[in-house]
Amino acid sequence: MRALEFEVRSGGTIRIDLEKCESCETKACVKMCNATGMGQILELKDGVPALKHSLEEVKRGACTEDLGCELDCELYGNRAIVITLPVSKLDDYLENSSEQPTYLREP
Amino acid sequence: MARLLEYQGKALFKRQGIPVPEGRLVQSVDEAMNAIDELGFPVAVKAQVLSGRRGKAGAIHFAEDRDSLSQAVRELLGKQIQGSPVEGLLIEEKAEVQKELYMAVTADPSTRQPVGIFSPKGGVDIEETADTEPAAIFTTPIDILRGFYYYDAMDLLRQVGGLESREMLTLANLFTRLYQVYREYDCKLAEINPIALVEQGAMALDARVDVDDDALSRQTTLDIDFAEEAGERAATLLEIAAATIDESDHRGTVHFVQTDPDASYARTAGKIPVGLDAVGAGTGLTIMDELVPLGYYPINFCDSSGNPVGSKFYRITKVIMAQPQIEGYLFVSCVSSQQLDNAARGLIKAFKELYPRTGGQPNIPCVVLFRGGWDDVAVDLFREHGISDGRWIKVLGRDTTEKETAEIFDALYREWKKETGGLQ
Ligand code: SF4
């Protein structure tokens with residue numbers, strides 16, 4: 001599977017399934033990323049998203065982690081982006097908690 | 001500030017040559033019985049919690065034999081001392097004390113340098129002594145570039161009066177060692193209360209060591225988790241998780257503290273526990289002021305300021321929503337230049353992951369208020385993603401005050417409760 005994967009400053013990864021991008025008509029992620037105030041790290045190369053900067057620069061903070069690419073791809077693209085942002089120790093908390101959080105319960 | 005437990009503080013004292021009673025950390029009756037084989041009776045059994053005044057809180061027992069030791073351990077382990085569960089006990093030899101004194105090194109914000117503090121009134125709250133007997137407190141400023149030497153300590157101790165020269169020599173020696181603890185471990189406070197004069201000299205009967213948060217990255221040997229200051233209790237696991245969010249990312253901050261970790265205060269006071277995220281601490285306090293009279297109690301305080309990146313909002317929303325007791329959630333921004341569309345994206349991603357079946361529409365009453373930079377975009381994003389259509393969420397814009405926000409939340413909560421009966 002052809003994919004673009006890179007790490008971000010806060011400790012997480014962004015993965016773009018480029019096979020899905022080939023048939024995408026909007027390329028919404030690139031437009032979003034290049035909007036004013038955004039990270040401006042994505043560009044189109046051979047019809048699919050590519051990084052404008054090196055992996056190191058992106059990880060150092062060139063990616064502003066606004067999450068716009070993933071959310072816009074979900075609405076206007078082919079749902080090709082997965083941003084994974086772990087919260088260290090949160091899983092430990094949830095495992096050790098005697099009560100379930102409210103989002104897992106029914107009103 | 002990262003505060004060490006007594007046994008951790010004493011380990012640092014010992015490393016620096018400050019005598020402490022021989023002791024063992026135990027977590028069960030069996031371990032206590034093993035420890036006593038090495039220590040012998042009589043012993044002090046001390047709950048390892050961060051709260052002060054442990055003696056008054058019943059957190060310190062004494063044992064003369066195996067029966068009383070076993071009883072003390074059973075009584076203390078698992079007990080709540082001022083809101084903190086007792087998970088460990090320090091069992092240590094009971095010292096034959098001749099005199100109890102006070103000694104500390106701390107930072108003096110008014111002079112921006114360390115200060116050495118000594119009092120012949122040990123074993124009592126130093127703040128209390130400062131109020132009732134200020135003349136019994138002796139201080140000396142410390143030039144951090146020059147250091148603190150034996151003769152500096154002697155100069156201070158000579159002013160005290162009532163100390164024998166042999167005692168002064170011992171105490172001056174310990175004072176310089178305490179200063180070394182303060183410097184070496186980047187402390188905000190290194191305190192011995194009481195320091196006891198015993199037959200062999202002097203020893204630290206208690207230890208309070210507060211390490212500066214900002215230095216934790218270089219204090220790797222201490223093996224302590226950073227968390228926001230939460231008063232006289234240990235950080236909760238959720239606070240420790242929240243503190244990792246800022247760890248490697250300087251772009252904005254999320255300060256999260258559980259004001260009522262198990263919601264016991266809220267319930268006792270007849271209030272409904274809710275989760276809160278505020279952009280701006282002042283706004284956080286204002287919305288709390290509006291919520292409390294209406295019957296709600298934010299069981300956490302959170303200030304997400306300095307224009308955090310969207311990923312920080314995502315993470316902190318997951319932390320706040322992980323509190324199992326909350327029956328509602330509010331995100332409230334102050335009017336600022338903070339880029340609120342980033343906040344909105346973080347919240348939307350979190351909501352979509354937490355509520356996948358409904359596409360992010362929550363199952364408890366939620367109110368989000370966007371006021372400030374890109375607030376209109378933030379409101380639109382919630383609409384575009386279909387979350388605003390949710391029955392139990394209201395997305396508000398810049399023309400809403402904190403008071404109105406609290407009232408809107410109240411109306412939404414009542415409707416939710418009436419219709420659903422609340423959470424199972
Ligand atoms: S919007 Fe999604 S599907 Fe389209 S190019 Fe970007 S990542 Fe690929």
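**Figure 1. A polar contact joins the side chains of B:Lys352 and B:His385.** The two side chains approach to 2.7 Å, where a polar contact is a pair of N or O atoms within 3.5 Å; within protein, one must be able to donate a hydrogen and the other to accept it, and residues adjacent in sequence count only if both atoms are side-chain atoms. The model is predicted: local features need pLDDT of at least 70, side-chain atom pairs count only at pLDDT 80 or more, and totals for chains, interfaces and linings use all residues, while side-chain values use heavy atoms, with hydrogens and water left out. Residues are numbered from 1 along each chain as its sequence is written, and chains are lettered from A and ligands numbered from 1 in the order in which they are written. B:Lys352 belongs to helix α11 of chain B, which covers residues 340-354; helices (H or I, at least four residues) and strands (E, at least two) are DSSP runs, numbered from the N terminus. B:Lys352 counts as buried because its relative accessible area is 14% (buried is under 20%, exposed over 50% and partly exposed in between, with a 1.4 Å probe and protein chains only). Leaving aside residues up to four places away in sequence, B:Lys352 touches B:His385, B:Ile387, B:Gly359 and B:Gly360, as well as A:Glu74 from chain A; contact means heavy atoms within 4.5 Å.

**Figure 2. Helix α4 of chain A is covered in part by helix α11 of chain B.** Helix α4 of chain A comprises residues 68-76, and its buried residues are A:Gly68, A:Cys69, A:Glu70, A:Leu71, A:Asp72 and A:Cys73. The relative accessibility of A:Cys73 is 7%, so this residue counts as buried. The cover over the buried residues of α4(A) includes α2 (28-33), β3 (42-45) and β5 (81-84) of chain A, together with α11 of chain B.

**Figure 3. Helix α11 of chain B packs against α10(B) and α12(B).** Helix α10 of chain B (residues 310-321) meets α11(B) at an angle of about 45 degrees, and their axes are 7 Å apart; axes are lines fitted to C-alpha atoms, for helices over the stretch in contact, and angles run from 0 to 180 degrees between N-to-C directions. α10(B) is therefore oblique to α11(B), since angles under 35 degrees count as roughly parallel, over 145 as roughly antiparallel, 65 to 115 as roughly perpendicular and the rest as oblique. Residues of α10(B) in this contact include B:Phe313, B:Tyr314 and B:Met321, and those of α11(B) include B:Leu347, B:Phe351 and B:Leu354. With helix α12 of chain B (residues 375-384), the axes of α11(B) come within 7 Å and cross at roughly 20 degrees. α11(B) is thus roughly parallel to α12(B). In this pair, B:Leu340, B:Ala344 and B:Ile348 are among the residues of α11(B) that meet α12(B), where B:Val377, B:Leu381 and B:Phe382 are among the partners.

**Figure 4. B:Cys366 is a cysteine in no disulfide.** Over all chains the structure holds 0 disulfides, a disulfide being a pair of cysteine sulfur atoms within 2.5 Å. For B:Cys366, the nearest cysteine sulfur is that of B:Cys302, 15 Å away. B:Cys366 counts as buried because its relative accessibility is 0%.

**Figure 5. B:Gln48 occupies a loop between two strands of chain B.** The loop connects β3 (43-47) and β4 (60-63). B:Gln48 has a relative accessibility of 6% and so counts as buried. A polar atom of the B:Gln48 side chain lies 3.1 Å from the backbone oxygen of B:Lys46. Beyond four places in sequence, the residues that B:Gln48 touches include B:Leu5, B:Tyr7, B:Leu25, B:Arg54 and B:Leu90.

**Figure 6. A:Ile14 is part of strand β2 of chain A.** This strand runs over residues 12-17. A:Ile14 is buried because its relative accessible area is 4%. Its contacts beyond four places in sequence include A:Leu4, A:Phe6, A:Val8, A:Cys63 and A:Ile83. The C-alpha atoms of A:Ile14 and A:Leu90 are separated by 20 Å, and the two residues are 76 residues apart along the chain.

**Figure 7. Cis peptide bonds precede B:Pro42 and B:Pro194.** The bond joining B:Phe41 and B:Pro42 has an omega of about -5 degrees, and B:Pro42 lies in the loop between α2 (29-39) and β3 of chain B. The bond joining B:Asn193 and B:Pro194 has an omega of about 10 degrees, and B:Pro194 sits in strand β11 (residues 187-198) of chain B.

**Figure 8. Phi is positive at A:Lys89 and at B:Ala263.** A:Lys89 has a phi near 75 degrees and is found in the loop between β5 and α5 (90-96) of chain A. B:Ala263 has a phi near 60 degrees and is found in the loop between β14 (253-258) and α8 (264-268) of chain B. A:Lys89 is partly exposed, at 29% relative accessibility, whereas B:Ala263 is buried, at 0%.
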